[in-house]
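Got the viewer open? Load the model, switch to a cartoon view, and keep the selection box handy for the stops below.

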Amino acid sequence: MKRKLFAAVLCASMVAGTLVVPTAVHAEESKGLIGVAMPTQDLQRWNQDGENMKKELEAKGYEVDLQYAGNDVATQVSQIENMIANGDQLLVIASIEGDSLGTVLAQAKENEIPVIAYDRLIMNTDAVSYYATFDNYLVGKTQGEYIVDALDLENTDGPYNIEFVTGDPGDNNVNFFFGGAMDVLQPYIDEGKLVVPSGQMTKDEVATVNWATETAQARFENILSSYYADGTNLDAVLASNDSTALGVANALAANYTGEYPVITGQDCDVANMPNIIDGKQAMSVFKDTRTLASKVVEMVDAIMTGGEAPVNDTESYDNGTGIIPSYLCEPVAVTADNYKELLIDSGYYTEDQFE
């Protein structure tokens with residue numbers, strides 16, 4: 001690297017309330033300093049991702065600079081700038097907005113610091129070395145296929161009413177979640193078996209800023225009052241993740257008296273699991289963040305020891321500067337029928353967390 005290694009860097013900075021003080025003694029005892037930039041602590045999954053990665057990296061002998069940016073782009077940029085200045089030797093970044101980090105990552109590239117984009121692809125910069133995520137197209141496809149099976153669209157005529165709620169428009173993963181689902185559902189819409197009373201079907205129309213539950217709830221309350229107040233039945237809601245699904249469920253509880261719809265989700269958040277167990281949310285797509293964290297730690301260790309990170313996809317993810325070598329973990333559908341096996345027996349959760 002052009003820069004001196006972390007052991008020679010003696011500096012300190014205050015980053016989002018966390019004092020990071022590299023010391024020569026500490027550095028000599030570690031295999032290197034790894035910067036991990038997460039978008040927010042407001043969603044359960046990012047806390048799990050960050051802590052899982054930190055724990056595993058430290059177990060392998062690395063020092064970890066873990067930062068959360070409170071869903072504020074300027075804060076995340078500042079945190080990454082400080083990681084570079086502090087001597088972090090590799091960066092793992094879950095971006096808030098895929099297009100917002102080009103300038104700061106140019107600094108990382110200038111200093112020959114490898115960058116792994118975590119879960120969200122960082123767009124329009126050639127500083128990204130690798131990408132690690134779940135198969136996000138498969139997430140959306142799984143949600144769409146669940147709706148097809150739940151409504152028995154192959155064997156019934158319908159029509160069935162459906163609405164769509166997806167995530168933050170700045171999150172590149174939305175393209176894969178929504179794209180995968182719509183590739184499954186669009187033929188049934190074209191055929192007339194699925195009908196969207198609100199007419200809201202484009203990604204921009206159904207987006208939810210910051211994936212916020214309250215934002216999804218407010219939008220869905222408007223949909224219910226405008227298109228379902230006359231007793232029209234809602235049969236299904238494609239919600240791209242659990243925080244938006246929770247907003248839909250909250251809106252339904254306050255404003256809907258018809259037959260309860262099929263609602264999809266993603267992440268198996270603790271807040272949603274009682275709804276899944278009680279049948280208020282039909283399913284969630286489980287992405288075992290322990291698996292992703294372990295794979296990223298493997299990628300980090302390979303890079304830091306002079307090798308190449310393991311990948312299993314070199315075709316799908318173009319960030320605007322070229323294909324980014326990627327590792328994709330496989331998601332699975334969780335329902336009331338299999339949650340104990342997948343979530344409890346595996347040790348991901350304990351049963352009392354859902355009470």
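One term before we start: buried here means under 20% relative accessible area. Also keep in mind that this is a predicted model.

**Stop 1: strand E7.** Select residues 130–134, which make up strand E7. How many of its residues are buried? The count is 5 of 5, so call this strand mostly covered. In a regular strand the side chains alternate between the two faces of the sheet. Show the side chains and you can sort them by face: Tyr-130, Ala-132 and Phe-134 sit on one side, with Tyr-131 and Thr-133 on the other, and both faces are covered.

Now bring in the neighbours. Add strand E6 (residues 115–118), which pairs with E7 in the parallel sense over 3 bridges. Click Ala-117 and look across to its bridge partner in E7, Tyr-131. Then add strand E13 (residues 326–329), which also pairs with E7 in the parallel sense, here over 4 bridges. On this side, Thr-133 stands opposite Leu-328 in E13.

**Stop 2: the cysteines.** Select Cys-329 next, a buried residue with a relative accessible area of 5%. Where is the closest cysteine sulfur? That one belongs to Cys-268, 15 Å away, which is too far for a bond. The structure holds 0 disulfides, and Cys-268 accordingly is in none. Cys-268 has 0% relative accessibility and counts as buried.

**Stop 3: an aromatic cluster.** Select Phe-286, Tyr-339, Tyr-348, Tyr-349 and Phe-354 together, since these form one aromatic cluster. The structure holds 8 aromatic pairs. Zoom in on one of them, Phe-286 and Tyr-348: the ring centres are 4.9 Å apart and the planes meet at 80°, so this pair is edge-to-face. What does the pair link? It joins distant parts of the chain, with Phe-286 in strand E12 (residues 284–286) and Tyr-348 in the segment after helix H11 (339–344), 62 residues apart. Both partners are buried: Phe-286 is at 5% relative accessibility and Tyr-348 is at 10%.

Slide over to Tyr-349 and Phe-354. Their ring centres lie 5.3 Å apart with planes at 75°, so they too are edge-to-face. Tyr-349 and Phe-354 are both buried.

**Stop 4: charges over rings.** Two quick selections here. Pick Lys-295 and Tyr-327: the lysine lies over the face of the ring, 4.3 Å from its centre. Then pick Arg-45 and Trp-46, where the arginine lies over the ring face at 4.2 Å from the centre.

**Stop 5: Ser-294.** Select helix H10 (residues 289–304) and pick out Ser-294. Is Ser-294 buried or partly exposed? At 31% relative accessibility, the residue counts as partly exposed. Turn on contacts and follow its side chain to the side chain of Glu-56, a polar contact of 2.7 Å. A polar atom of the Ser-294 side chain also lies 2.9 Å from the backbone oxygen of Arg-290. For one more distance, go from C-alpha to C-alpha between Ser-294 and Lys-55: they are 239 residues apart along the chain, yet separated by 9.9 Å.

**Last stop: the annotated domain.** Zoom out and colour residues 34–307, where an unreviewed UniProt entry places the feature "domain: Periplasmic binding protein". Over that range the chain is 45% helix and 15% strand. Select the two end C-alpha atoms as well, and you will find them 16 Å apart.

Notes:
Residues numbered from 1 in each chain as written. Predicted model: local features only at pLDDT ≥ 70, side-chain atom pairs only at ≥ 80, totals over all residues. Heavy atoms only, no water. UniProt positions renumbered as here; feature names shortened; annotations may be inferred. Phe/Tyr/Trp six-rings, centres within 6.5 Å; stacked < 30°, edge-to-face > 60°. Buried < 20%, exposed > 50% of the residue type's maximum accessible area, 1.4 Å probe, protein only. Lys NZ or Arg CZ within 6 Å of the ring centre and 35° of its normal. Pairing = 2+ DSSP bridges. Disulfide = S-S within 2.5 Å. Polar contact = N/O pair within 3.5 Å; in protein donor to acceptor, adjacent residues only side chain to side chain.
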